[in-house]
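Hi everyone, thanks for making time this morning. I'd like to walk you through a structure that may be new to you, so let's put it on the screen and take it step by step.

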Amino acid sequence: MTPILDLLATTPAPEAEGGVVGEIFRTFKIHWPYFISQCVSFLLVAILLKKFAFGPIQQMLEQRKNRIAEGEEKLKRIEKQLADSEATTAAAIAKANEDAARLIQEARDSAAALSEAKAQEAISQAQAILAKAEAAAKAERDQIAAELKKEFGRLVTATTAQITGKVLTSDDQKRINDEALAKVEA
Amino acid sequence: MTRRYLLPILSVWLLSLAPVFAGAEGHDHLPPHAEEIFNLFGLPITNSMLMVWLVAGGIILFAQAATKKLSLIPVGLQNFAEWLVESLYNFLEGILGKHLVKRTFWFFATIFVLILFINWSGLMPGVGTVGWELSGPGVDPHDKFRPFFRGGNADLNMTAAMAFTFAILWFYWAISENGLKGFLAHIFAPKGKFKGIMAAFMLLVFLFVGVLEIVSILFRPVALSFRLYGNIFAGENILENMMFVVGDKTWLAWLPPMPFYFLELLVGLIQALVFMLLTSVFLKLICDHGDHHDEEHDH
């Protein structure tokens, strides 16, 4: 504690030259050269720090902030694009599903129609073949009948001629044939 | 005990031992002013000036090293420097607003960093304790010891230099932000809307308040200077006097100041913060009106 007491004891009275302010200046040794020198030192440090420390660091921080903001912006854009893309894909898939279903239905309808047409065609062809076969059979039967008739007539005529010993005219032949046929048919 | 804590603890021990060696050298008492240690081309250089230059040099070297290879992904010193600058910027932005902080950040950041490191450097071993003894006739027997270094802010010239520099810059920023008319109106014009005789009365009241405000403004640098100086000088005195508490048991002189070193570390930070806060608030008060407009524009 002695130094402080010494200090207080050595403090001159305020009535000294310059009054209280002068006393303060003397006690704390506030001299212009010291004061100006400290001002210059402080300003020099401030200017140097502004130029070489705060300036570049703030610039770097600003640059990084912009980068982050840009990144965020890009991320948002990418997220939006992804959402759009997902929506587009979903829409495309839905449309494709719809088209596929429609195509399948169309194919089914078409197949059914084709199958029906083919069946009808086959039926008509079968009917035509049947009719043709029937016609051919009828024609053959008629032809055979005609041939039979003819042969039967010839046989009847021949038999009649042999039995009667008479040469038959064509009218006789015809009449005998007709009668014989009528009897057979009956 | 991990290795992590070894270095700080050893540093504290070393710090506390420094005054013991000083005591052995016969250090008389801590004068309230810085002392001239040499002359440079006719310019007197004091031990506090030397200390300020050393700390300033250290800060500038650190800044150079930290900003030498700036990269977008910060590493090492750049990381620390960016953390410091960004934290200070955001802190000051909260007080001053976006516009003002852009203009004035360099000053307030320098104030904080310089005061903080000057305060802490005053606690380093050898500061105020390593020097030489004056001899010969005319030497004050109470002031024979000349330390090479003295805590920079334990010199009123240094604290006054910062405070008065701020005062000049304060006028410059206040007038450039408000205009001379706006600046004077901010100080003298009545706040609020009055009519008739009330308006005349309030004009007189605010004129008187303006005069008081001018006195307060003129005293701000004085108060700032003495507040910082007083706190730091008192701290140094405490540390020195605590050392003598043990009397003849000089081998124990390291013990009593030890808790005060922790206190002084805290005081150093708080005083740097207080100086920066007060100066920034003083500026904000005078530019308040202008800044509201800025913020509105920003929104």
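Before we read along the chains, one definition: helices and strands here are DSSP runs, at least four residues for a helix and at least two for a strand, and they are numbered from the N terminus. Please also keep in mind that this is a predicted model.

Let's begin with chain B. Starting at the N terminus, its elements go α-β-β-α-α-α-β-β-α-α-α. That gives seven helices and four strands. How much of chain B is buried? Of its 299 residues, 33% are buried. We can also ask how far apart in sequence the contacting residues lie. If we take contacts in chain B between residues at least 6 apart in sequence, 71% of them join residues at least 24 apart.

Now over to chain A. Its order of elements, from the N terminus on, is α-α-α-α, so to speak a chain of four helices and zero strands. Why do we call chain A more spread out than a compact globule? Its radius of gyration is 68 Å, and the globule rule gives 16 Å for 186 residues, so the value for chain A is well over what the rule gives. You can see this in the box as well: along the principal axes, the C-alpha atoms of chain A fill roughly 200 × 30 × 25 Å. As for burial, 6% of the 186 residues in chain A count as buried.

So where do the two chains meet? Chain B brings 39 residues to the contact, and chain A brings 35. On the side of chain B that touches chain A, the elements giving two or more residues are β2 (43–46), α2 (47–67), α3 (76–96), α4 (98–121), α5 and α6 (196–243) of chain B. Which of these gives the largest share? That is α2(B), with nine residues. Sorted by class, this side of chain B has 26 nonpolar, 11 polar and two charged residues.

Let's zoom in on two helix pairs at this contact. In the first pair, helix α3 of chain A, residues 32–164, meets helix α5 of chain B, residues 156–188. Their axes come within 8 Å and cross at roughly 60°. Angles from 65 to 115 degrees would count as roughly perpendicular and those under 35 as roughly parallel, so α3(A) is oblique to α5(B). The crossing of α3(A) past α5(B) is right-handed. On the α3(A) side, the residues that make this contact are Y34(A), F35(A), Q38(A), C39(A), F42(A) and L43(A). On the α5(B) side, they are N157(B), M158(B), A160(B), A161(B), M162(B) and T165(B). Counted by class, the contact of α3(A) with α5(B) holds nine nonpolar, three polar and no charged residues.

The second pair is α3(A) with α4(B). Here the axes come within 9 Å, and they cross at roughly 110°. That makes α3(A) roughly perpendicular to α4(B). Once again we have a right-handed crossing, of α3(A) past α4(B). From α3(A) come F42(A), V45(A), A46(A), L49(A), K50(A) and F54(A), and they meet F105(B), W106(B), F107(B), A109(B), T110(B) and L114(B) of α4(B). By class, the contact of α3(A) with α4(B) has 10 nonpolar residues, one polar and one charged.

Let me finish with a few loop residues. Most residues other than glycine have a negative phi. With that in mind, look at K29(A), where phi is positive, near 50°. K29(A) sits in the loop between α2 (19–27) and α3 of chain A. Is K29(A) buried or partly exposed? It counts as partly exposed, because it has 19 C-beta neighbours inside 10 Å, and buried would take 20 or more.

In chain B, F41(B) also has a positive phi, near 50°. You'll find F41(B) in the loop between β1 (36–40) and β2 of chain B. With 5 other C-beta atoms within 10 Å, F41(B) is exposed.

Last stop: F244(B), in the loop between α6 and α7 (258–298) of chain B. F244(B) has 16 other C-beta atoms within 10 Å, which means partly exposed. Between the C-alpha atoms of F244(B) and G97(B) there are 49 Å, and along the chain these residues are 147 residues apart. Thanks for listening!

Conventions:
Residues numbered from 1 in each chain as written. Chains lettered and ligands numbered in written order. Predicted model: local features only at pLDDT ≥ 70, side-chain atom pairs only at ≥ 80, totals over all residues. Axes fitted to C-alpha atoms, helices over the stretch in contact; angles between N-to-C directions. Parallel < 35°, antiparallel > 145°, perpendicular 65-115°, else oblique. Left-handed = near helix turned anticlockwise from the far one by under 90°. Contact = placed C-beta atoms within 7 Å. Nonpolar A, V, L, I, M, F, W, Y, C, P; charged D, E, K, R; others polar. Rg over C-alpha atoms; globule rule 2.2 N^0.38 Å. Buried ≥ 20, exposed ≤ 12 C-beta atoms within 10 Å, placed from the backbone.
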